[in-house]
Structure formats: C-alpha cells, structure tokens
Amino acid sequence: MRIVIAEDLLLLRDGMVRLLTDTGHTVVAAVDTAPALLAAVAEHRPDLSIVDVRLPPGFRDEGLRAALTLRAGDPDTRVLIVSQYVERAYAVELLADGRGGVGYLLKDRVTALDDFLDAVERVANGGTALDPEVVRQLFTRNSRNHGVDGLTAREQEVLGLMAQGLSNAAICAALVLAPVSVEKHITNIFAKLDLPPAEDANRRVRAVLAYLNH
Amino acid sequence: MIRTTASALGYLVSSLVAGLVGLAWVLASTLGVGLLAITQLGGPAFLGAAWVTRRLADVERRRARWVLGAAIATPYLSTDGGTVRQRIGAVAAQPATWRDLAWLVVLFPLGLAGGIAATVVTVVHLAAVVAPLWAWAVPNPHAPFPMRPLMTTVPGRFGLTVLGVLLLPVTAWLLRTAGQAQALLARALLAPGAHRHLVEEAARLAQTRRRVVDAQAAELRRIERDLHDGAQARIVAAGMTLALAARKLRTGAAAASDVELARRQLDDALAELRRLVRGIHPPILTDRGLHAAVAALAGDSPLAVEIRGDPDDRYPAAVESAAYFVIAEGLANAGKHADARTCVVSLTRRAGTVIVTLTDDGQGGADPSGSGLDGLRRRVEALDGRLTITSPPGGPTVLSAELPH
C-alpha cells in the first residue's frame, strides 16, 4: 500500500515510517506541515494518508482541517487521523460526509501493532476506524441524554464496535456471539435508527453518524 | 426643603467660625513649626501639628455632611511604625497633608464671605416678611422710592410680607446653592485623591499577585507529584519489564509476554499523561476555543448541559482557560454535591468582559469558601475578574465569573 505521512515530530515520523515499511507498505512521502501534506497527496495520489491532528505552524488542528480539505476536494481520499488526544467533535466532522474511508485513532494504538495495521487496511478500503476512546465518549453522552431511543445494552455494544470499524466477524469474536445474533442485532440497530436495509460499507458509517447526531 | 435649606444656612454660618479657627491654626502652626525647625523639636512639632490639622480637617469632613448628606471619606494612609524621621517623611509625602492645609486657608475667605452673605440675606429676608410688626417703629420719610411707600404705609408693609413670602424659594435656593458649592470645594480638597487610590490599588495588586504565585506554585507541585506517581512510575516499570525480557532473550527463554506487559504499561503511562494534560490545558481549548471545549466538557458530564453563547467567540488564552476551569469545576460540583440534573452554561460578551454563568437545578447550599471555589477565585482575580456564587439552601446554585479581556 502507498502511504503519505504527515507528522511534525521526527521521532514519531521515523518510527511510523519504519513500522509501515517493515510491515510491507511503501511510504511515498513523510512531511511535517499541512501545506506539504496537500502537495504530497496531490503529487503521489497515495492509497492512504496518516495525519497528525496538530501540525506546525499553529499547533492546533491544522492536520484535521487539511484532511477535511483533501476529502472535500476528492471524497475518495482515505485519511487516518492520529492524535495524542481524541475529541468527539473531531470525529463528528470527519464522519460528517457519510462516505467512510476515514479513521481517528490515538497515537497510542500504534503500539497494538496488529489492531493498528487492521485499521490502516480498513480505512484504505473505505471503511472506518474510530478509537475506542472516542466511542466511549459518544456513549457517555448519548446513553445519558436520550437512552438512544430503545437500543438495548447489547445493541449499543454492537453499535460501539461498529463505530470502531469492526467487521461482523470481528464483532462476533469481541462479544463472543454467534454470527446470526450479531446480524440480528445489526438489523435491529439499522431499523431503530431508520436506515434502509440495503447493504453497503457506507451504511455502517451512516449508522454511526445517525447515532452521533442523535 | 426647609431642612436642607436650614442645613445649608448652618453650614455657611458655621464656616465663618471654622474659617477663623482654621486660618489662626495655619498661621500659628506654620510659625511654630518653622521656628522649632532649627531645633531638635522641629520633627515632632511637625508631626503634632499635622495631627491637629488632620483632626480639624476631619471636623470639616463631618461638617460637609450637613450639605452633602454623607461625610467626606478620610484620605490618610497609615504611617504607623518606623522612626520619627520615617514618619515625618511619610506624612509629608501624602498629598492629603498639604491639601488639608490648603482647605483651611481657602476656608477663611470663603467662610467669611459666605457666612456674612448668608446671614445678611437671611436677616433682611425674614425682616421683610415680618415687616408689619416692626416697620412702624422706625419711620423713615426720607427713604428713596420704593422703600418709602413700602415702609411707611400699612398696605406697603403687608406688601413687603407678601413679597418676602413669594421670594422665599429664591433665597432658599441661593442658600442651598452656596452651601453646596462650598461643600463641593471642600470635597475636592479633602476627599481621597488619586494618590490614595493608586496606593490601595497597588496593595491590592500585590496581594492578588502573591496569591496567583502561590496558586501557581501549588499547581506545579501537583503536576510534579502526578507525573512522579503516574506516568514516570509506569515508564520505569515498563523499562524494568523490558530489561527482564532482554535477559530472558539472551538465555533464549520466551519473552513475548513480558514485551506485551511492557507495552501495556506504556499505554497506561500515555493515558495518564493525557489525563494530566487535560487538567493543565485541554487541547481542544487551544484548537477550537471556549464554546467547543465546554461542549466537550458537557459531553463528559453526567448532567444535561445546555450551552448558550456564540460558538465563534474567541478570547485571550488566559481568559479562555480561566473560564473553562470555572465551568469544569462548576459542572463537577453541580453533579457531585448539589445533586443537580441539568445545568445551563451561558457565555456572554459585554463591553470588554466575558461573563460565564452556570445555573443548575440542584439543592444549593454550596460553601463559597470551599477549596475548589477558592482556587477558582484566585484564578479569576488574577485576571482582574470577579467570581460570585449564590447558593441558597434548596437551590438553585448560580456560579458566575466576569473576566475582562
């Protein structure tokens, strides 16, 4: 897979390049500012960009804004945002176009190498990857305010894992459930969130979105 | 009306006496201190004279109450402590000392003119009103017109009475205005001037600065302790686990579980650091400003929080930070102590000030001197702001911070 990295800390940038190269990917460009990221993506057309939220010169959310710019220009741009901290609001902005192909992870997750590489694959293939921390934040909020209109505790759990970007099989493994019951839960979730039953990858993103905007 | 006029009259007439006393004292004390200045007694004499001058000026301040409704405030700064020489320096350096003297000098001509004029006007006026009772006793056939018909005929004398009664408001107004003018001049010289305000302001600033420095030092200690007990300890633990794994690998033993453990310990260290950073300055506050940061807080709060205000308003970093921590503490208190279910947070911008108000539906009874609120107060006062809390038993609790920006 051809990847562009935007990360301002040399230590982390080099570590990320080594990690991805060692696992069979190609890092076509490793840059340290938002404008350089835009230029690199335009030049290399990578399969995925891995972008730090906070970039020079402002050290605010330049990385996130650059990612949104990229996706506004070409909705098929795949971006995985990594950060030292996670904010629910940023997740909402990333998912807002309902198209998938985005991820938002804590940098810590890099240390769980297999999960991280899974997330990289998933986002590059148009899926999503939300940090469990983001999902936890979403749940504190919605379960309190609305009780998520009729979602059972188990359905919320399944939706949380869907939000993280897990496949049905992975959800089965995580919750120790039979594939049939996971599918039943997912059908119920879609029904309760008023989503049409057509099956495609973006539908899962829309389910999460519907949940976020609830 | 009658009372205020009488007060003004009393003030003007007593000024006559006060002016005489004041001038006499100024002359006597200046002469006395001047003569004693060539001896060792000059200093103490100056202090003594200043003490008497201040007592006289105090009498003047209280006398002004007859007209102004309230005594003039005392401008003196404490000169206690120190040697006689230091105290002389301190007393001489206070503008109030010399302004007192200036007033006692000015009071003499003012009091003389005002007192005599007020007496004459009042006597003549009252005499005119009661003219029928006495004018017959002093026949004056050579008085010029119009005094002759007024004084010498009965209708004329009653005419004087009518005229006097009609003119009463005019005379009363004159007396009140003259009294007011004199008292206002007294206030200009005797009230605390810019000097005292500046000295007080400097003292207040020094105090708040000290409190801020204390609060900052305490905060740094807390961060140091948190780092030491939290992230640092976990990183050390990870290092030890890895060292162990390295030894196992040298001998060819399986080390995978140790490496996995070290990774988990590092994860914990990172989580710990993130928690700490959030407590120092939440990143979203820098990124997106107060409104977004409060929205994030609201999301984590067990209360239903409504946020009012313009999401795009940005303020200086220090103001946003203080406002954020007021809201964070307020929300935490509302959930923990007040047993509240909802809270309204409003952010209002008004003429160079941002006003943050939290209103909950809890049971009230918050202690305004509690340690959390005290810390907030320091934080707010460090920015020249004001923190107020009202929390009657039964609620609701309203926590409000005004922050100039």
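Let us start in the middle of a sheet in chain B, where Ser346(B) has Thr357(B) of β3(B) as its bridge partner. The model you are looking at is predicted, and this pair of residues is a handy place to enter it. Ser346(B) and Thr357(B) belong to a longer ladder, for β2(B) and β3(B) are paired antiparallel through eight bridges. Strands of a sheet pair through backbone hydrogen bonds, in either a parallel or an antiparallel sense.

Follow the two strands to the place where the chain turns back. β2(B) and β3(B) make a hairpin with two residues between them. Ala351(B) sits there, in the loop that links β2 (342-350) to β3 (353-360) of chain B. Its backbone deserves a second look: Ala351(B) is not a glycine, yet its phi is positive, at about 35 degrees. Most residues other than glycine have a negative phi. Is Ala351(B) buried or exposed? Ala351(B) counts as exposed because it has 5 C-beta neighbours inside 10 Å.

Now cross to the other side of β3(B). There, seven bridges connect β3(B) with strand β5 (residues 398-404) of chain B, and the two run antiparallel. Along this pairing, Leu358(B) is found opposite Leu399(B) of β5(B). As for its surroundings, β3(B) is mostly covered, with six of its eight residues buried.

A second positive phi outside glycine turns up at Asp384(B), with a value near 65 degrees. Asp384(B) is part of the loop between α14 (371-381) and β4 (386-390) of chain B. Asp384(B) has 13 C-beta neighbours inside 10 Å, so it counts as partly exposed.

Stepping back, chain B as a whole contains 14 helices and five strands. Of its 405 residues, 28% are buried. Contacts in chain B reach far along the sequence: among those between residues at least 6 apart, 73% join residues at least 24 apart.

The helices of chain B offer a good example of packing. Helix α1 (residues 2-36) and helix α5 (residues 95-129) of chain B pack at about 145 degrees, and their axes are 6 Å apart. The crossing of α1(B) and α5(B) is left-handed. The residues in this contact comprise 17 nonpolar and eight polar ones, with no charged residue.

Next, find helix α10 (residues 256-280) of chain B. How far apart should the ends of its 25 residues be? At 1.5 Å a residue, the helix should span 36 Å, and its end C-alpha atoms are indeed 36 Å apart, so the two values agree. The buried residues of α10(B) are Asp258(B), Ala262(B), Gln265(B), Leu266(B), Ala269(B) and Leu273(B). An α-helix has 3.6 residues a turn, so residues three or four places apart point the same way. These buried residues of α10(B) pack against α9 (194-250) of chain B.

Helix α10(B) also takes us to the other chain. Between the chains, 17 residues of chain B are in contact with 14 residues of chain A. On the chain B side, the elements that give two or more residues are α10, α11 (283-288) and α12 (290-300). The largest share, six residues, comes from α10(B). By type, the residues on this side of chain B are ten nonpolar, two polar and five charged.

On to chain A, where the pairing changes in sense. Here an open sheet of six strands has the order β2-β1-β3-β4-β5-β6, with parallel pairing. β2 (26-31) and β6 (128-130) of chain A are the edge strands, each pairing on one side only. Neighbouring strands of the sheet are turned by 20 degrees against each other on average, direction ignored. Within the sheet, strand β1 (residues 2-6) of chain A pairs in parallel with β3(A) over four bridges. One of the residues involved is Val4(A), whose bridge partner in β3(A) is Ser49(A).

Helices pack on this sheet too. α3(A) touches β1, β3 and β4 (79-83) of chain A, and its direction makes about 175 degrees with that of β4(A). Helix α4 (residues 88-95) of chain A lies across β4, β5 (102-106) and β6 of chain A, at about 160 degrees to β5(A).

One last stop is the loop between β3 (48-52) and α3 (62-73) of chain A, which holds Pro57(A). Pro56(A) and Pro57(A) are joined by a cis peptide bond, with omega about 5 degrees. Most peptide bonds are trans.

Key
Residues numbered from 1 in each chain as written. Chains lettered and ligands numbered in written order. Predicted model: local features only at pLDDT ≥ 70, side-chain atom pairs only at ≥ 80, totals over all residues. Expected span 1.5 Å × (residues − 1). Buried ≥ 20, exposed ≤ 12 C-beta atoms within 10 Å, placed from the backbone. Contact = placed C-beta atoms within 7 Å. Nonpolar A, V, L, I, M, F, W, Y, C, P; charged D, E, K, R; others polar. Pairing = 2+ DSSP bridges. Axes fitted to C-alpha atoms, helices over the stretch in contact; angles between N-to-C directions. Left-handed = near helix turned anticlockwise from the far one by under 90°.
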